[in-house]
Structures are given as structure tokens and as C-alpha cells.
Amino acid sequence: MPRDRTDRCCWYHCVYTVSFRPYIFQEEPVVNHKGSCLCGKMQYETGELSRDIDHCHCTFCQKAHGAAFGTYATLRDVDSFKWTAGGDDVGRYESSSHSARLFCNSCGSSLVAEIDGGKMLAVTLGTLDDDPVVESSAHIFVRSKASWYEIGENEKTHEEYPPQFTQFAPTD
Ligand SMILES: [Zn+2]
Ligand SMILES: [Zn+2]
């Protein structure tokens, strides 16, 4: 009985058996973006990022970023995130029961938000070394917005989480 073409390890009918397949076909994940911290100790790579980004005005993000808000894009596939430098010494702060903030222990850059035990990851857009593709943005947690920052009239806002995050309790 002829073997199915998917049983072969390649299109050239070569002699390797199907047991070699996992090694031969182990593809490197596609890298879409690279990012790093201020001092350069931490470096990461990610696959595709969401094209809808969030500016989070929660009080935790204000403190963590030292700014009016933190800006994030979530990863479409959490497994596509990889530290390429400094990963063994990443700073970690559990800011709520369902989220942790990962930062550089040397320069303090806020790099990644780990949501729901790592089921969701979001990178801070300011640490990207290239440009994300952004189609839309929303300001979230505007109920705790800093009084000294004005959101433009035509911008999308949510009092707390956007609809896709309603399974979580407020973080502040
Ligand atoms: Zn650093
Ligand atoms: Zn926030």
C-alpha cells in the first residue's frame, strides 16, 4: 500500500522515516516584532500583535509607567513570545490576582503584562523596537484617568475593561 504523502518526511521521497519528522519539521516561530528595555539587558521577540491597542488609565498602570497611562498590544499567540536576552532575571510583580507585570530589574522598564496566569500576554508598545500595525485604539479604565490628561473627543473610551475583558474584576 503506498504511503500517504504526509508520511514522508519531505517532498523528495527521502529515506527518513516518519519518526524523524518532528526534528526535521521543527520550524522556528515567525518573529514579527522585537522589543527591549531602556538599558538593553532585556530583549524579546513576539509573533503577531493585536491591531487594536489599549491605553490603560488604571492607577496601577499610572504607577508602573510613571505616566498618565500604559499602552499595550496583546499577542495573538502567547507561545510566540520569547525572551532573547535577560529572561532568566526578569522582574515580576503580581499587581492583582489575575495579572503580573514583568519589568527589567536593572532599568525598571515595564515590558510585559501577564494576564490570567499567562493565558494572555500584552507587550508595552513603548518597548517595541519596530512599529506595530495599529488599526484602532481605546482608552480603558478612564474612571481613574489622571486629572491632568485630556482624552480627545473622538477617541474610544471604556470606564473599565473593554468588553473582551469582562471576566476580570477591576485591578484598582
Ligand atoms: Zn533594562
Ligand atoms: Zn492598567
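## A residue in a loop

Let's start with Phe-141, which sits in the loop between strand E10 (136–140) and strand E11 (156–157). You might expect a loop residue to stick out, so is Phe-141 buried or exposed? Phe-141 has 25 other C-beta atoms within 10 Å, so it counts as buried. Its backbone is worth a look too: phi of Phe-141 is near 55 degrees, a positive value in a residue other than glycine.

Now put Asp-116 next to that picture. This residue also belongs to a loop, the one between E8 and E9, and its phi is likewise positive, near 55 degrees, again in a residue other than glycine. The surroundings of Asp-116 are another matter: with 13 other C-beta atoms within 10 Å, it is partly exposed.

## The whole chain, and how far to trust it

Keep in mind that what you see is a predicted model. The mean pLDDT of the protein chain is 86, and 79% of the residues reach 70 or more. Where does pLDDT stay under 50? One such stretch is residues 1–8, for which the model has 3 contacts beyond four places in sequence. Another is residues 11–24, with 9 contacts of that kind. Read those parts of the picture with some care.

The chain contains 2 helices and 11 strands. Walking along from the N terminus, you meet them in the order α-β-β-β-α-β-β-β-β-β-β-β-β. Of the 172 residues, 25% count as buried. Take the contacts with a separation of 6 or more: 55% of them are between residues 24 or more positions apart.

## A sheet of three strands

Here's a bit of background before we look at sheets. Strands of a sheet pair through backbone hydrogen bonds, and they can do so in a parallel or an antiparallel way.

One open sheet in this model has 3 strands in the order E1-E2-E5, with antiparallel pairing. Why do E1 and E5 each have one side without a neighbour in the sheet? Strand E1 (33–36) and strand E5 (82–85) stand at the edges and each has a single partner strand, so one side of each is left free of a neighbour there. On average, neighbouring strands of this sheet are turned by 30 degrees against each other, direction ignored. If you zoom in on strand E2 (residues 43–46), you'll find 3 bridges to E5, in the antiparallel sense. Gln-43 stands opposite Ala-85 in E5.

Lys-34 is found in the edge strand E1. It has 14 C-beta neighbours inside 10 Å, so it counts as partly exposed. Leaving out residues up to four places away in sequence, Lys-34 touches Glu-45, Asp-129 and Asp-130. Lys-34 and Phe-81 are 47 residues apart along the chain, yet their C-alpha atoms are separated by 9.8 Å.

## Strand E4 and its partners

Next up is E4. In this strand, 4 of the 5 residues are buried, so E4 is largely enclosed by the rest of the structure. What does E4 pair with? One partner is strand E3 (residues 52–56), joined to E4 over 3 bridges in the antiparallel sense; in that pair, His-55 stands opposite Thr-71. Another partner is E9, also antiparallel and also over 3 bridges. There, Ala-73 stands opposite Val-123 in E9.

## The nonpolar core

Ala-73 and Val-123 turn up again in the largest nonpolar core, which has 25 residues. Which members touch the most others? They are Cys-56, Tyr-72, Ala-73, Leu-111, Val-112, Ala-122 and Val-123. The elements that give two or more residues to this core are strand E4 (70–74), strand E7 (99–104), strand E8 (110–115) and strand E9 (120–124). E8 gives the most, with 4 residues.

To see what Ala-73 meets, skip residues up to four places away in sequence: Ala-73 touches Leu-49, Ser-50, Ile-53, Ala-122, Val-123, Leu-125 and Pro-132.

## A hairpin to finish

E7, one of the strands that feed the core, also belongs to a hairpin. E6 and E7 make up this hairpin, with 2 residues between them. The strands run antiparallel, and 6 bridges join strand E6 (residues 90–96) to E7. For one of the residue pairs, look at Arg-92: its bridge partner in E7 is Leu-102.

Notes: Residues are numbered from 1 along each chain as its sequence is written. Chains are lettered from A and ligands numbered from 1 in the order in which they are written. This is a predicted model: local features need pLDDT of at least 70, side-chain atom pairs count only at pLDDT 80 or more; totals for chains, interfaces and linings use all residues. A nonpolar core is a set of buried Ala, Val, Leu, Ile, Met, Phe, Trp, Tyr and Cys residues joined through C-beta atoms within 7 Å. A residue is buried if 20 or more other C-beta atoms lie within 10 Å of its own, exposed if 12 or fewer, and partly exposed in between; C-beta atoms are placed from the backbone. Two residues are in contact if their C-beta atoms, placed from the backbone, lie within 7 Å. pLDDT is the predictor's confidence in each residue, from 0 to 100. Two strands pair if DSSP finds at least two bridges between them. Axes are lines fitted to C-alpha atoms, for helices over the stretch in contact, and angles run from 0 to 180 degrees between N-to-C directions.
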